[in-house]
Amino acid sequence: MKRVVITGIGVISSIGNNLEEFSKNLFSGKSGITKITKFDTTNFASKIAGEVKNFNPEFVINKKELRRMDRVTQYAIYVTDEALKSSKIELDKIDTDRAGVIIASGIGGVETWENQHSVFLKEGVERLSPFFVPMMIVNSSSGNVAIRYKLKGPNFSVVSACASSGHAIADAYNQIILDNADIMVCGGVEASITPLSVGGFIALQALSTRNDEPEKASRPFDASRDGFVIAEGGAVLILESLEHALKRNAPIFAEITGCGYNDDAYHITAPDESGEGPAKCMMLALKKSGKTIDDVDYINAHGTSTKLNDQMETLAIKKVFKDKAYDINISSTKSMHGHLLGAASAVEAVATIIAIKNGIVPPTINYENRDPNCDLNYTPNNAVKKDIKFALSNSFGFGGHNVTLAFAKYE
């Protein structure tokens with residue numbers, strides 16, 4: 001079977017607008033969570049988020065184009081440009097019919113939706129923008145990236161809530177395995193720090209209300225966790241068949257060896273407390289990779305900082321790894337960059353890949369109070385040097401969607 005490698009990475013988040021900055025802050029355990037500045041939160045129970053800071057897309061996208069793109073698509077083009085540069089791809093020297101794009105989002109252009117709905121209510125249907133629909137739809141990111149870089153291979157978007165970009169990466173991997181493409185641009189983006197979006201998650205009672213200590217609010221697996229912290233940004237990976245990458249002497253960050261995906265078939269928002277679905281998902285990823293539980297050095301957990309998810313994921317890991325579960329380094333990088341919803345899996349895939357590349361396990365910060373139901377090694381508060389040969393990255397979404405991506409050190 002074909003081998004698939006990661007040859008390029010682009011990332012933007014609350015802890016960094018490029019891979020170098022993201023990596024530095026990730027390994028040093030820096031929180032990117034702050035008070036929300038994008039809108040007035042006076043009447044909001046949760047007033048904190050992982051906002052992208054100092055974002056300037058104008059060196060990539062001209063002002064005319066910017067006016068016709070929701071922020072979510074701006075993020076997509078920005079991280080794609082970063083990823084293509086890091087991969088050293090010369091677009092005029094590849095077969096663009098065999099280069100595709102799969103960029104996911106959980107919500108898509110929600111900012112445009114809110115703004116245009118306001119226009120509709122205040123000024124009527126005649127004042128709606130002709131760009132409303134193309135700015136709002138989830139597949140706008142994949143489409144715009146393909147148009148900009150003339151990539152004519154497989155192209156679509158994936159929506160599976162917080163598992164969306166994990167499924168995008170898994171689908172991109174499969175496109176190469178099935179010989180439908182040599183190169184895939186894949187990942188996810190989210191621009192969901194808007195009044196309606198934040199308000200909706202508050203109504204679900206899903207968000208942390210630790211408003212006086214934003215940097216300490218996201219605390220996966222800690223006994224005092226009180227909800228997740230919403231965040232924005234995204235990441236794109238360049239996946240490439242090993243043969244194609246070697247031919248052009250491409251840089252190789254790591255290898256993607258397999259993926260597992262399934263569904264809890266249990267509840268539209270709550271995880272199955274038995275952990276059965278995520279456990280089977282991890283086992284599928286191991287099987288597809290030809291690995292056993294003894295090969296796993298690190299798990300990048302979904303780790304949302306919610307009561308149910310963290311307890312369930314801990315149980316799922318124990319179901320798969322038995323006694324070995326206590327020997328594996330686990331971390332939730334959401335403790336630093338927050339929960340990017342549909343883009344979470346892509347950003348956490350980046351965290352997993354650079355952990356392998358650098359031989360450093362990123363920490364779970366804000367781990368202060370032991371929860372007896374969460375008793376594994378979550379790499380608390382400080383990064384750990386470790387030779388990581390093989391790692392898993394978990395993502396679980398509303399609807400019971402589960403995805404596990406498997407990455408290995410390239411050898």
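Is Arg 98 buried, partly exposed or exposed? I will come back to that residue when we reach the salt bridges, and will begin with the model as a whole. What we have here is a predicted model, in which local features need pLDDT of at least 70 and side-chain atom pairs count only at pLDDT 80 or more, whereas totals for chains, interfaces and linings use all residues. Residues are numbered from 1 along each chain as its sequence is written, and side-chain values use heavy atoms, with hydrogens and water left out.

Let me start with the domains. The protein chain is divided into domain 1, residues 4-248, and domain 2, residues 259-408, with bounds that come from an automatic or database domain assignment. Their centres, taken over C-alpha atoms, are separated by 21 Å, and the contact between them, where contact means heavy atoms within 4.5 Å, takes 65 residues from domain 1 and 60 residues from domain 2. The buried area, that is, the accessible area (1.4 Å probe) that two parts lose on being put together, summed over both, is about 4,600 Å² between these domains, and carbon and sulfur atoms give 68% of that. On the domain 1 side, Phe 27, Phe 221 and Arg 225 lose the most area to domain 2, together 20% of what that side buries.

Now to the polar side of this interface. The rule finds 27 residue pairs in polar contact across it, both residues at pLDDT 80 or more; a polar contact is a pair of N or O atoms within 3.5 Å, where within protein one must be able to donate a hydrogen and the other to accept it, and residues adjacent in sequence count only if both atoms are side-chain atoms. Among the elements that each supply at least two residues of the side of domain 1 that touches domain 2 are strand S1 (4-12), helix H1 (19-28) and helix H7 (164-177), and H7 gives the most, with nine residues. These helices (H or I, at least four residues) and strands (E, at least two) are DSSP runs, numbered from the N terminus.

Where does the largest nonpolar core lie? A nonpolar core is a set of buried Ala, Val, Leu, Ile, Met, Phe, Trp, Tyr and Cys residues joined through side-chain atoms within 4.5 Å, and buried means under 20% relative accessible area, exposed over 50%, and partly exposed in between (1.4 Å probe, protein chains only). The largest such core has 53 residues, and those with the most contacts inside it are Ile 6, Phe 22, Ile 169, Leu 237 and Leu 239. Its largest share, ten residues, comes from helix H13, residues 344-358. Domain 1 and domain 2 both give residues to this core, so it lies between them. Leu 237, not counting residues up to four places away in sequence, touches residues including Ile 6, Ile 169, Met 184, Ala 349 and Ile 353. A second, separate core of 29 residues includes Tyr 78, Ala 83, Leu 84 and Ala 146.

That brings me to the salt bridges. A salt bridge is a side-chain nitrogen of Lys or Arg within 4 Å of a carboxyl oxygen of Asp or Glu, and by this rule the count comes to 23, while three are found across the interface of domain 1 and domain 2. Arg 225 forms a salt bridge with Asp 371, the closest N and O atoms being 2.9 Å apart, and Arg 225 also meets Asp 310 in a salt bridge at 3.4 Å, N to O. Asp 310 lies in helix H11 (residues 307-321) and Arg 225 in the loop between H8 and S7, 85 residues apart. Asp 310 counts as buried at 0% relative accessibility, and Arg 225 is buried too, with a relative accessible area of 2%.

Now I can return to Arg 98, whose side chain meets that of Asp 182 in a salt bridge of 2.9 Å, N to O. Arg 98 sits in the loop between H3 and S4 and Asp 182 in the loop between H7 and S6, 84 residues apart. To settle the opening question, Arg 98 is partly exposed, with a relative accessible area of 22%, whereas Asp 182 is buried, at 15%. Both belong to a network of salt bridges that links Lys 2, Arg 98, Asp 179 and Asp 182.
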